[in-house]
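Biologist: I would like to understand how the words used for a protein structure follow from numbers. Could you take me through this one, setting each value against its definition?

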Amino acid sequence: MGDRVATLKDVAMLAGVGMSTASRAISGAGPVSAEAMKKVQAAIEQLNFRPSSIGRSLSAQSLGMIGIFAPSFFGAYYGTILKQTDIELRAMRRHVVVATGCGDGTPREEAIEAVKFLIGRDCDGIVVLGHDLLDEDMQMLHKMHPKMAFLNRRSAELETSSFCPDHYHGGELAARTLLEAGHRQLAVISGPVGTSDNEERLRGFFDELARNGIQRDAVRQIPSDFSREGGFGATQQLLNEGRHFTGLFCANDEMAIGSMSCFHRAGISVPKDVSIIGYDDDYSAEFSSPGLTSVRIPMQQLTQNAVRWLLNICYGTQHEISREFPVTVTMRGSVAAPK
């Protein structure tokens, strides 16, 4: 055959079987006699045949892989999601393809481009962490690829495809925790303005404060970017402004850890001088010093159910799917009564 790449037809001819038999033997999708399998395997070895992904998709209608879009690969939050996705797919002997945004576009534009990239790679199903997407973006992408699960997003139009905890209640719990400890002078380091889950937790937080007589304009709020560096910088800004507060709500644990580091360097004790509550309760919260009190979002269970839902619709598995993700508070040492 010279330098020509062997095809499925070449394998079938050499093995003396039909194209459909050769295809089933290679893909494992259908019955093949032991004798035919032996002939096909021998032909594959002789021809050094390597089935292409396109060929597998044509024969089996599946590439055996799930795509996931994540805006970032860094931090405990994304690490938990990626790890749980990998665990679920390994158990099914399926591959995961991970994409993040690229280029100079806005976070929203990068998210759309990355999801379209995964669609173009013929992923059987796609998990989307799309807090930068608008509702109409989600609907547009879902029309392009209906086997799509949206993680940490709620959509009335895509209710079946959406897996999201009650972030509004999470914000309420954060406020309630600080109030019950006796704090009335408060500050907030929020996530990026406009991101849906960030806005929901802030709405819950400030509504709970309002019910307790504290108006939103009495609370200093600094937006940041969900990173440790962002939390450190926002805390430094609060200190530079000289505004007095005894309780601080950070809209995720990464920023809370950065904030605690800034306070430590400034000689400010947590929780003696200021109490901090984080959000997510990721694995870094337990090992901070002091331990970080945090609103617990069950991202491992949420991810597990989203991925298993995709496995059910992509591969016919029968996983039981839960859509209840209780939000609680894990109390540790970073919150105490003000002095």
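Modeller: What follows goes from the whole chain to single helices, and then to single residues.

Modeller: This is a predicted model, in which local features need pLDDT of at least 70 and side-chain atom pairs count only at pLDDT 80 or more, while totals for chains, interfaces and linings use all residues. Residues are numbered from 1 along each chain as its sequence is written, and side-chain values use heavy atoms, with hydrogens and water left out.

Biologist: How many helices and strands does the protein chain have, and how are they recognised?

Modeller: The protein chain has 12 helices and 11 strands. Both are DSSP runs numbered from the N terminus, where a helix is a run of H or I with at least four residues and a strand is a run of E with at least two.

Biologist: What makes the protein chain more spread out than a compact globule?

Modeller: The globule rule, which is 2.2 Å times the number of residues to the power 0.38, is compared with a radius of gyration taken over C-alpha atoms. For 339 residues the rule gives 20 Å, and the radius of gyration of the protein chain is 25 Å, well over that value, so the chain is more spread out than a compact globule. Along its principal axes, the C-alpha trace spans about 85 × 40 × 35 Å.

Biologist: How much of the protein chain is buried, and what does that word require?

Modeller: A residue is buried at under 20% relative accessible area, exposed at over 50%, and partly exposed in between, with a 1.4 Å probe and protein chains only. By that rule, buried residues make up 49% of the 339 residues in the protein chain.

Biologist: How do you know that the length of α9 agrees with that of a helix?

Modeller: The expected span is 1.5 Å times one less than the number of residues. Helix α9 has 16 residues, 196-211, and should therefore span 22 Å; its end C-alpha atoms are 23 Å apart, which agrees. After α9 comes G213, whose phi is positive, near 85°.

Biologist: Which elements do the buried residues of α9 pack against?

Modeller: They pack against α8 (167-180), β6 (186-190), β7 (220-223), β8 (247-250) and β9 (275-280), where contact means heavy atoms within 4.5 Å. Among the buried residues of α9 are D197, R201, F205 and F206.

Biologist: Why is α8 called largely enclosed?

Modeller: In α8, 11 of the 14 residues are buried, so this helix is largely enclosed by the rest of the structure. The buried residues include H167, Y168, E172 and L178, and what covers them includes β6, α9, β8, β9, β10 (293-296) and β11 (328-330). The length of α8 also passes the check, because 14 residues should span 20 Å and the end C-alpha atoms are 20 Å apart.

Biologist: Why is S259 counted as buried?

Modeller: S259, which is found in helix α11 (residues 253-265), has a relative accessibility of 0% and therefore counts as buried. Not counting residues up to four places away in sequence, S259 touches I189, G231, F232, T235, L248, C250 and I276.

Biologist: Is T293 in strand β10 buried or exposed?

Modeller: T293 lies in strand β10 and is buried, with a relative accessible area of 0%. Leaving aside neighbours within four places in sequence, the contacts of T293 include T177, I276, V329 and M331. By contrast, T293 and K38 are 255 residues apart along the chain, and their C-alpha atoms are separated by 61 Å.

Biologist: What makes a phi value or a peptide bond worth pointing out?

Modeller: Most residues other than glycine have a negative phi, and most peptide bonds are trans. N152 is not a glycine, and yet its phi is positive, about 65°; it lies in the loop between β4 (148-151) and β5 (162-163). At 4% relative accessibility, N152 counts as buried. D281, in the loop between β9 and β10, is not a glycine either and has a positive phi of about 55°; its relative accessible area is 8%, so D281 is buried.

Biologist: Which peptide bonds are cis?

Modeller: A cis bond joins V270 and P271, with omega about 10°, and P271 lies in the loop between α11 and β9. The bond from S289 to P290 is also cis, with omega near -5°, and P290 is found in the loop between β9 and β10.
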